[in-house]
Amino acid sequence: MSNNNVDFARMKFYCDEHRCIHCDGCSVACAEAHELPVEISRRKVVTVNEGKQGMEFSLSVACMHCTDAPCEQVCPVDCFYIRQDGIVLHDKDKCIGCSYCLYACPFGAPQFPANGAFGTKGVMDKCTMCAGGPDDTNSEHERELYGQNRIAEGKVPVCAAMCSTKALLVGDAESISNIYRERVMSFGHGVQSMPYGWDKAYGK
């Protein structure tokens, strides 16, 4: 088969709310691995229906690397680019810190480190799915700006690698779908509305 006909994997994140226990291991691992400043949080864990018995569940949220990324569509300087594998990245050397991407993103993924004069926020930072930046060399300058390039090393993103309950899945969209389908089928009764909780999170 020629290279022109290769079907590239579409890399995606998925958080299984039945398994997430809000341990924050993913967000801490991300911050440590990429040596992020305190004001930047590329990944965060949110709890929905907090305090409501039987309805509470948590989700790990970051840039979801959308197929039709709204951040890319609104950027006035075209600093965003989507790789062939579907990972949405940005070029910090082009970013002007206008925050349009933040308003467009439904996940609140774009982060801005500064709070300067006249409302300047600095250049945007977000989850790179541990794929580095635009420079293939992963130089020291690239690492300083974007963090580790684990994808180039054949490794999964550090957040998924550190997830103790394997709630955070990452990889080819079809593979992730198959894993989740198998998990649902293993419940025995189709999709359950109740989250697992601590007692079952460490099971299958």
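Q: In which helix is Tyr100 found?
A: In this predicted model, Tyr100 is found in helix H3, which covers residues 100–104.

Q: Why does Tyr100 count as partly exposed?
A: The relative accessibility of Tyr100 is 44%. Buried would need a value under 20% and exposed one over 50%, so Tyr100 falls in between and gets the label partly exposed.

Q: What makes the nonpolar surface patch?
A: Val74, Tyr100 and Tyr103 make it, and the patch comes to about 340 Å². Patch members need over 30% relative accessible area; at 44%, Tyr100 clears that bar.

Q: Why is the contact between Asp16 and Arg183 called a salt bridge?
A: Their side chains meet at 3.0 Å, N to O. The cut-off is 4 Å between a side-chain nitrogen of Lys or Arg and a carboxyl oxygen of Asp or Glu, so the Asp16–Arg183 pair qualifies. Asp16 lies in the loop between strand E1 (11–15) and helix H1 (25–33), while Arg183 sits in helix H6 (residues 173–187), so the pair ties together parts that are 167 residues apart in sequence. Both Asp16 and Arg183 are buried.

Q: How many salt bridges does a search of the whole structure find?
A: Five turn up. One of them joins Asp85 and Arg83, with N to O at 2.6 Å.

Q: Why is Asp85 called buried?
A: Asp85 has a relative accessible area of 15%. Buried means under 20%, so the label fits Asp85. Arg83, at 26% relative accessibility, is past that limit but not over 50%, so Arg83 counts as partly exposed.

Q: How do you know that Lys155 forms a salt bridge with Glu153?
A: Look at the closest N and O atoms of Lys155 and Glu153: they are 3.2 Å apart. That is within the 4 Å limit, so the pair counts. Lys155 is partly exposed, with a relative accessible area of 41%.

Q: What joins Arg42, Lys92 and Asp125 into one network?
A: Salt bridges that share partners do the joining.

Q: Which residues are the closest to the centre of the second largest pocket?
A: That pocket holds about 170 Å³ of space. Of its 15 lining residues, Pro37, Lys92, Asp125, Glu144 and Leu145 are the closest to the centre. By class, the lining has seven nonpolar, two polar and six charged residues.

Q: What makes Ser99 stand out in its phi?
A: Ser99 is not a glycine, yet its phi is positive, at about 75 degrees. Ser99 lies in the loop between strand E5 (88–90) and H3. With a relative accessible area of 3%, under the 20% limit, Ser99 is called buried.

Q: Why does Glu35 count as exposed?
A: Glu35 has 64% relative accessibility. Exposed means over 50%, so Glu35 gets that label. Glu35 is found in the loop between H1 and strand E2 (44–48), and has a positive phi of about 50 degrees although not a glycine.

Q: Why is Ile21 called buried?
A: The relative accessible area of Ile21 is 14%. That is under 20%, so Ile21 is buried. Ile21 is found in the loop between E1 and H1. Ile21 and Phe57 are 36 residues apart in sequence, and their C-alpha atoms are 8.0 Å apart in space.

Definitions and conventions: Residues numbered from 1 in each chain as written. Predicted model: local features only at pLDDT ≥ 70, side-chain atom pairs only at ≥ 80, totals over all residues. Heavy atoms only, no water. 1 Å grid on protein atoms, 1.4 Å probe; cavity = no way out; pocket = protein on both sides within 12 Å on 5 of 7 lines; lining within 4 Å. Points joined across faces, edges and corners; volume = space filled by probe spheres on them. Nonpolar A, V, L, I, M, F, W, Y, C, P; charged D, E, K, R; others polar. Patch = residues over 30% accessible without salt bridge, like charges linked within 9 Å, V, L, I, M, F, W, Y side chains within 5 Å. Areas by Shrake-Rupley, 256 points an atom, 1.4 Å probe, with all protein chains shown as cover. Helix = DSSP H or I, 4+ residues; strand = E, 2+ residues; numbered from the N terminus. Buried < 20%, exposed > 50% of the residue type's maximum accessible area, 1.4 Å probe, protein only.
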